[in-house]
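Here are my notes for someone opening this one for the first time. Have the sequence and the 3D view side by side as you go through the points.

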Amino acid sequence: MNLHEYQAKELLKKFNVPVQEGIVCSSALQAEDAYRQIHSQYESKFAVVKAQIHAGGRGKGKIAGTEQRGVAVGKNAEDVKTIAQNILGGTLVTIQTGPAGKVVNKVLIAQDVYYDGPNPVKEFYLSILMDRSKGRNVIMYSTEGGMNIEDVAHDTPDKIFKEWIHPGGGVQGFQARKIAFNLGLKGEAFKNCVRFVGNLYNAYLGLDCNMVEINPLFKTSDEKIIAVDCKMNIDDNALMRHADLENMRDVSEEDPTEVEAAKFNLNFVKLDGNVGCMVNGAGLAMATMDMIKLSGGEPANFLDVGGTANAQTVEAGFRIILKDPKVKAILINIFGGIVRCDRVAQGVIDAYQSIGNIEIPIIVRLQGTNADVAKELIDNSGLKVQSAILLSEAAELVNKAVA
């Protein structure tokens with residue numbers, strides 16, 4: 001589950017992670033009032049207006065049809081109000097959203113952190129995620145933080161440091177100090193960075209994150225270390241331990257078909273191909289997607305109906321797949337172990353009759369428990385459904401459908 005920047009920052013504060021303070025707003029008038037609060041409370045000369053969407057690259061991105069950036073500095077209340085008006089309700093297109101962009105429903109009015117002080121300010125990069133190749137969490141960090149971190153990773157990978165954390169011990173003191181040292185910090189900033197790293201890792205574990213990214217990690221002119229931005233992804237499978245986080249989910253930022261699939265407990269991921277597939281079991285789904293590619297097609301989705309597929313889930317799967325206009329054929333590949341093939345076959349028939357005339361070819365391969373009964377049901381249904389026994393037969397039918 002992805003979180004907005006303002007949500008992630010509120011969670012980090014509970015773990016004593018210093019952040020750039022701000023007020024989230026959904027209207028230009030709220031933004032204007034927020035500026036006055038920020039200006040008064042933090043003595044900020046300026047305020048930063050930041051579009052809240054689930055994507056990076058907001059500072060470089062633009063509102064479609066305008067020159068308005070997704071992150072902009074407002075010098076006074078009227079300036080902040082105007083920027084918020086230009087952003088709210090617009091479609092922000094960034095390198096991560098693709099050309100479709102994302103609609104901005106909220107903005108964060110944040111304090112100015114570039115205030116005057118005795119020392120120069122600096123921007124760093126720091127993130128924590130799982131390195132599956134090593135089976136350990138890894139802290140990735142760099143002295144080159146800011147909007148061009150992707151270019152740094154591509155052009156100068158030697159500037160990206162990594163620190164792997166043993167799962168039994170957490171971040172050790174020497175590791176946090178090593179990170180602060182490699183970032184070139186000293187004195188009070190060094191101490192603050194060591195504390196920051198430890199607290200951030202505690203937040204990562206405590207919230208069951210898949211990933212937390214701070215960019216920029218910022219050293220202020222008075223040697224504070226704060227999170228100016230934060231991207232956070234929480235493991236969906238761990239939400240049972242975090243009932244308070246469920247209401248942070250913003251379904252307007254998610255793919256509508258994936259949201260609908262979740263209502264029926266379907267594991268669905270939309271892809272860009274032309275063959276819809278409905279399978280029971282993740283492993284069989286992956287094998288089916290490979291088979292579709294080998295037959296000349298491209299998978300339009302990953303859809304695992306699970307081991308308890310019935311008429312309702314099959315119909316829901318059909319409706320979700322058919323919402324994609326790119327789909328030229330649907331392949332149903334079910335191995336009946338726990339689930340009976342004849343029940344799936346009846347589900348296909350019921351769904352077909354409920355939805356109405358389906359113009360695209362439907363190929364059904366059912367193997368396992370009551371597969372013979374299932375094939376007989378399909379063959380005698382009078383519907384335009386093609387049945388297959390072998391995977392090679394299904395592949396051949398898919399090839400004909402998309403040719």
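1. Start with K134 and W164. The charged end of K134 sits over the ring of W164, at 4.9 Å from the ring's centre. Keep in mind, here and below, that you're looking at a predicted model.

2. Next, the aromatic pairs: the count for this model is 3. One of them brings together Y114 and F218 in an edge-to-face arrangement, with 4.9 Å from centre to centre and 65 degrees between the planes. What I like about this pair is where its members come from: Y114 belongs to the loop between β8 (107-111) and β9 (122-131), F218 to strand β12 (residues 209-219), and 104 residues separate them, so to speak, as distant parts of the chain.

3. How buried or exposed are those two rings? F218 is buried, its relative accessible area being 0%. Y114 comes out as partly exposed, because its relative accessibility is 47%, and the buried class stops at under 20%.

4. While you're in β12, look at P216, which is part of that strand. The peptide bond between N215 and P216 is cis, with omega at about 10 degrees.

5. Now go to helix α5 (residues 173-182). Which of its residues are buried? They are Q175, A176, I179 and A180. Viewed down the helix axis, the buried residues of α5 stay within an arc of 140 degrees, so they line one face of the helix. The general reason is simple: an α-helix has 3.6 residues a turn, so residues three or four places apart point the same way.

6. What lies over that buried side? The cover for the buried residues of α5 includes β9, β10 (136-142), β11 (160-165) and α6 (187-206). On the face turned away from the buried side you'll find F174 and F181, both exposed. Just after α5 comes G184, with a positive phi of about 80 degrees.

7. Two residues that aren't glycines also have a positive phi. N16 has one of about 60 degrees, and E223 has one of about 75 degrees. N16 is in the loop between α1 (5-13) and β2 (22-25), while E223 is in the loop between β12 and β13 (225-227). Their surroundings are worth checking too: N16 counts as exposed because its relative accessibility is 60%, whereas E223 counts as buried because its value is 16%.

8. There's a small open sheet to trace, if "small" may stand for its 3 strands, which run in the order β4-β6-β7 with antiparallel pairing. Why are β4 (62-63) and β7 (102-103) the edges? Each has a single partner strand, so one side of each is left without a neighbour in the sheet. Strand β6 (residues 91-93) pairs with β7 in the antiparallel sense over 2 bridges. T91 has V103 of β7 as its bridge partner.

9. Last stop, helix α1, where Q7 is found. Q7 is buried, with a relative accessible area of 8%. A polar atom of the Q7 side chain lies 2.8 Å from the backbone nitrogen of H4.

Definitions and conventions
Residues numbered from 1 in each chain as written. Predicted model: local features only at pLDDT ≥ 70, side-chain atom pairs only at ≥ 80, totals over all residues. Heavy atoms only, no water. Phe/Tyr/Trp six-rings, centres within 6.5 Å; stacked < 30°, edge-to-face > 60°. Helix = DSSP H or I, 4+ residues; strand = E, 2+ residues; numbered from the N terminus. Buried < 20%, exposed > 50% of the residue type's maximum accessible area, 1.4 Å probe, protein only. Lys NZ or Arg CZ within 6 Å of the ring centre and 35° of its normal. Pairing = 2+ DSSP bridges. Arc of directions from axis to C-beta. Contact = heavy atoms within 4.5 Å. Polar contact = N/O pair within 3.5 Å; in protein donor to acceptor, adjacent residues only side chain to side chain.
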